[in-house]
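These are my notes on the model, set out as numbered points for you to check against the coordinates.

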Amino acid sequence: MRITDIQRCEIRPGRLVEWTLHPTTVEAAMALPDDARPPSYLQESHVRTTRSVRQDGLFVPTWLGTAFDIRGRIDLDVLQEALRAWALRHETLRSGFRWIGEEMRRFTLDADAVVLHREDIGDFRETATLSRYLQDRFDVAADALTWPNFIFAAVVRDDCTSVCMAFDHSNVDSYSIQRIPGEIHDLYAAGLEGRAVEVPPAASYVDFCAAERTDADQIDDTHAIVARWREFIAQCDGKLPSFPVDLGLDPEGPMPAQKLMHEMLVDDADAAAFEAYCRPFGGSLIGILAATGLIVHEIGGEEVFRTVVPFHTRAKSQWSDSVGWYVGGAPIEIPVAQAPDFDSALKMVRAALRENRPLSRMPIARVLGLLGTDFRPTSPDLYSIVSLVDTRGIPGSERWQDMRARGLLRVSYGDQVCVWINRLHEGLQLASRYPDNDVAYKNMRTYVERLRELIVSVAARNAGQPLAGKV
C-alpha cells in the first residue's frame, strides 16, 4: 500500500457519506465507569504530547488512515454493516480516555452498545474541494484529545465508491491500516451474498496495553535497558536523535510546517536484487539503514549515525490480527566514518541491531520517565525515524493496486524527519515528512536520490560481489 496524504490521494468527486458513532453510543460511553486497564505507555505519551503542544498554541493533527475503492454500484446498508462488523472486532476503537486531574483513565464500551450514525453530506464536484473537506473533517473527528476519535466515509459514484477511514494514531499503526482494505472488501462481498465471514475473534489491544504496562512497571532505573538508553541519550547531547542533516531550522523560531515527499524508489526487480544482496547481513532493513548512515555522513559529515529504529511489538501470534499501536524503538549507533565500503556498513548495522533490538520491547516513554530528565514534549515527534516494512505478506496486498488502496498520513507541523519505506509487490516506495523550507528540501532530495542510486548500484551487481567505494 503506497503512503500518501489526502490531497495527493486523488479521490474523484462524488456524493459524500459519513459514519461516526451514534450520539446515543457516545452518551452511553460518557456514563461508563473506569476500565481498570491502563493506557499503554505509548498511548499516554502520545496523548500527553498532543495536549502539551496544543497548550503551547499549536494544533497538530495526528491521524492515520486509508482510502480504497469498491467497484460497481455500492449498497450503503451492506457497506455500513461491513464497517460496523469490522470495528466491533477491535476493542480499542470503543475504548477511550478521560482526565481525572492529571491522570488518564480508560473507559470501554461493550460491543452491543455500538451503533453507527450515517449522514449524507452531499455532492462534491471538484477533487480539491473534496480533499480539503475530508482533511478538515478528519482533523476534528480523529483528534487525539476527543472521543470517539475515528470516522468512516464513502465517496459514492455509479461506477465505484471510494472508502476513506481515519483514526487517531493512539488506536492504529501502519500494519493495522494496511490490513483494512482487504478485510472490508471481504466483509462487504460476504454481505452482498448474504453469507457470514468466518473469522476468529481478534485479540484486544486494550488487553495488550495492560500486559505491556505491567511488564514495563517491573523495571527501575538500575535496569540494563535504562542504562543503555541513558548512555545513548548522553551521546546525543541529552536529547533523542534528529535526522543528521541540515534541516534549515531556527532554534528560536516557531514549530515549522512540514511537507510530504513520496515516490517509488525502485521497481520490484531492483528491490528483489537489493534484498538478495543484503540477505546474508540480515535483509533489506539492514541495507536501508546502512545506506542511510553512509549517505547522511556524506551530506552532513556526522561521523556516527544515531537513530531509533522502530520495530513491531506483536511478539506473539495472538496479536497479528489486532488493530492497535504495536510499535517500540531500538537505539543504534553506527560509526559510518569508519566504514570503507557498503559491506562494512552492513556488518556494523547488523551488529548494532543484534545487540539493541531487544530494547524495543520496553516502551521508550517508561524509560524516559525513569531517566529522571525533563523530556517535556514540545515537538510532535520525539525523534526522527527511518522505517522499512515488508507489506507483501499482508492479507489482501496482492489486490491493493486494483483497489487503488492508499495509506494516508496527516502532514502538518514538526521539526523532525520521518521516513517510511514500504516493500510492495511492485517495488520500494518512500514517503517522508520533513520541515518545509528550502534547505531541508534540498538535503532530503539529495538523500532520496542517493538512496535510489545506491539501491540500484547494489542490485546491478552479481550476488556476493563486494561493492567498491563508500557508497
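Which strands does helix α13 lie across, and at about what angle does the helix run to β9?

1. Since this is a predicted model, the points below describe the prediction. To take the question above: helix α13, residues 438-459, lies across β9, β12, β14 and β15 (427-435), and the helix runs at about 15° to β9.

2. The strands under that helix belong to an open sheet of 4 strands, in which the order is β9-β15-β14-β12 and the pairing is mixed. At the edges of this sheet are β9 (258-267) and β12, each of which pairs on one side only, and neighbouring strands are turned against each other by 15° on average when direction is ignored. Within the sheet, β12 and β14 pair in the parallel sense, with 6 bridges between them, and S387 stands opposite W420 in β14.

3. Ahead of β14 there is a residue that I would look at separately, namely S412, which is found in the loop between β13 (406-409) and β14 (418-424). Is S412 buried or exposed? S412 is buried, because its relative accessible area is 10% and a residue counts as buried under 20%. Leaving aside residues up to four places away in sequence, S412 touches V60, P61, P256, A257 and Q258.

4. A second residue to examine is D69, which is found in strand β3, residues 63-71. The relative accessible area of D69 is 11%, and therefore this residue too is classed as buried. Its contacts, again without residues up to four places away in sequence, are C160, T161, S162, H185, M403 and R404. As a distance to check, the C-alpha atoms of D69 and I121, which are 52 residues apart along the chain, are separated by 19 Å.

5. Strand β2, residues 15-21, is mostly covered, with 6 of its 7 residues buried, and β2 has pairing partners in both β6 and β7. With strand β6 (residues 116-123), β2 pairs in the antiparallel sense over 7 bridges, and here T20 has H117 as its bridge partner. With strand β7 (residues 150-156), β2 also runs antiparallel, joined by 5 bridges, and here the bridge partner of W19 is F152.

6. How many cavities of 30 Å³ or more does a search of the whole structure find? The search finds 3, and the largest of them holds about 50 Å³ of space. Its lining is made up of L21, A87, L88, L93, R94, V114 and F150, which by class gives 6 nonpolar residues, no polar residues and 1 charged residue. L21, one of these lining residues, lies at the end of the range given for strand β2 (residues 15-21), while F150, also in the lining, lies at the start of the range given for strand β7 (residues 150-156).

7. The second largest cavity has about 40 Å³ of space, and its lining consists of P241, S242, F243, P244, F305, R306, T307, S384, I385 and V386. These residues divide into 6 nonpolar, 3 polar and 1 charged. At least two residues of the lining come from each of β10 (305-312) and β12 (385-390), and β10 gives the most, with 3 residues. The edge strand β12 thus appears both in the sheet of 4 strands and in the lining of this cavity.

Terms used:
Residues are numbered from 1 along each chain as its sequence is written. This is a predicted model: local features need pLDDT of at least 70, side-chain atom pairs count only at pLDDT 80 or more; totals for chains, interfaces and linings use all residues. Side-chain values use heavy atoms; hydrogens and water are left out. Buried means under 20% relative accessible area, exposed over 50%, partly exposed in between (1.4 Å probe, protein chains only). Contact means heavy atoms within 4.5 Å. On a 1 Å grid over the protein atoms alone, a cavity is a set of points where a 1.4 Å probe fits but cannot get out, and a pocket is an open set with protein on both sides within 12 Å along at least five of seven lines; lining residues have an atom within 4 Å of a point. Grid points are joined across faces, edges and corners, and a volume is the space filled by probe spheres set on the points. Ala, Val, Leu, Ile, Met, Phe, Trp, Tyr, Cys and Pro count as nonpolar, Asp, Glu, Lys and Arg as charged, and the others, Gly among them, as polar. Two strands pair if DSSP finds at least two bridges between them. Axes are lines fitted to C-alpha atoms, for helices over the stretch in contact, and angles run from 0 to 180 degrees between N-to-C directions.
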